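Here are my notes on this one, jotted down as numbered points. Have the viewer open while you read.

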Amino acid sequence: MIFPQREMLMTTFKTIRISVIIVVISAVLIAIIGWMFASRIVAPITNMSNTLDTIASGNGDLTLKLKETKGDDAFAKISRSFNKFSQSLRSLLLEVRNEAEQLNDVSINLEKNAQGTQQSIQAIGTNVMTLSSQAQNLDSNVSSDGNQMKQMVKGVDSLNADITNQTEYVSTS
């Protein structure tokens, strides 16, 4: 059986053409499937990276959350864990802020009390100085009165001696 060469070449070209088309379509399908698969992997990583960059940018906005995906894969677990950590950190920072405000209030009250105590101590010091001055004046007065009393006693003694002398003189005369 003799095959005409032209028909064989046509059949071969047709087969090659179909094979090339199948290879091109397969390559396109593989590229589309690969792109879809890669985007499903890269999108959560990109989302995580962008959110973490925003938090780390200096504002420290802990209200931002990672988008949680459904399922039990690594991305979903990381998102849930980070969001729990962020919530715990946010609560801790709020506690610290509240404690700092309370400490500030206590500090202000303590400062006011210290000022009041200082004023009271100054008033007590002034009162002690006044009492000391009054005690010195009283001591001077008591000393002066004591001297006057001694002079009065001498005067009374002298008067008593004079009366005794006159009484003796009158009795002897």
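**Notes on the helices and the residues between and along them**

1. Leu 52 sits in helix H1, which covers residues 5-56. Before going further, keep in mind that this is a predicted model. With a relative accessible area of 36%, Leu 52 comes out as partly exposed, because that value falls between the 20% and 50% cut-offs. Going 14 residues along the chain takes you from Leu 52 to Leu 66, and the C-alpha atoms of that pair are 8.3 Å apart.

2. Ser 49 is another helix H1 residue. Its relative accessible area is 34%, so Ser 49 also gets the label partly exposed. Try the C-alpha distance from Ser 49 to Leu 62: the pair is 13 residues apart along the chain and 15 Å apart in space.

3. Now for the overall fold. How many helices and strands does the protein chain have? The count is two helices and zero strands. Put a box around the C-alpha atoms along the principal axes and you get roughly 205 × 25 × 15 Å. The radius of gyration tells a similar story: 56 Å for the protein chain, against near 16 Å for a compact globule of 173 residues.

4. Burial and surface, for the whole chain. Of the 173 residues, 8% are buried. The accessible surface is about 14,900 Å², and carbon and sulfur atoms account for 63% of that. As for contacts, take those between residues at least 6 apart in sequence: 36% of them join residues at least 24 apart.

5. Ser 86 belongs to helix H2. Is Ser 86 buried or exposed? It is buried, because its relative accessibility is 2% and the cut-off is under 20%. Once you leave aside neighbours within four places in sequence, Ser 86 is in contact with Leu 62 and Leu 64. You have met Leu 62 already, as the far end of the 15 Å C-alpha distance from Ser 49.

6. Arg 90 is in helix H2 too, and that helix runs over residues 74-172. Why does Arg 90 count as buried? Its relative accessible area is 19%, and buried means under 20%, so Arg 90 makes the cut. Which residues does Arg 90 touch, not counting those up to four places away in sequence? They are Leu 62, Thr 63 and Lys 65. Leu 62 therefore turns up in the contacts of Ser 86 and in those of Arg 90, with contact meaning heavy atoms within 4.5 Å. There is also a polar contact of 2.4 Å between the side chains of Arg 90 and Gln 87.

7. Further along helix H2 you come to Asn 98. Asn 98 is partly exposed, because its relative accessibility is 41%. Draw a line from its C-alpha to that of Met 8 and you cover 89 Å, for two residues that are 90 apart in sequence.

8. Last, the charges. What is the tally of positive and negative side chains in the protein chain? There are 15 positive and 16 negative, and the centres of the two sets lie 34 Å apart. If you are setting the charges beside the box, its dimensions were roughly 205 × 25 × 15 Å.

Key
Residues are numbered from 1 along each chain as its sequence is written. This is a predicted model: local features need pLDDT of at least 70, side-chain atom pairs count only at pLDDT 80 or more; totals for chains, interfaces and linings use all residues. Side-chain values use heavy atoms; hydrogens and water are left out. Helices (H or I, at least four residues) and strands (E, at least two) are DSSP runs, numbered from the N terminus. The radius of gyration is taken over C-alpha atoms; the globule rule is 2.2 Å times the number of residues to the power 0.38. Buried means under 20% relative accessible area, exposed over 50%, partly exposed in between (1.4 Å probe, protein chains only). Accessible areas come from the Shrake-Rupley method with a 1.4 Å probe; for residues, only the protein chains shown count as cover. Lys and Arg count as positive and Asp and Glu as negative; His and the chain ends are not counted. The place of a charge is taken as NZ of Lys, CZ of Arg, CG of Asp or CD of Glu. A polar contact is a pair of N or O atoms within 3.5 Å; within protein, one must be able to donate a hydrogen and the other to accept it, and residues adjacent in sequence count only if both atoms are side-chain atoms.
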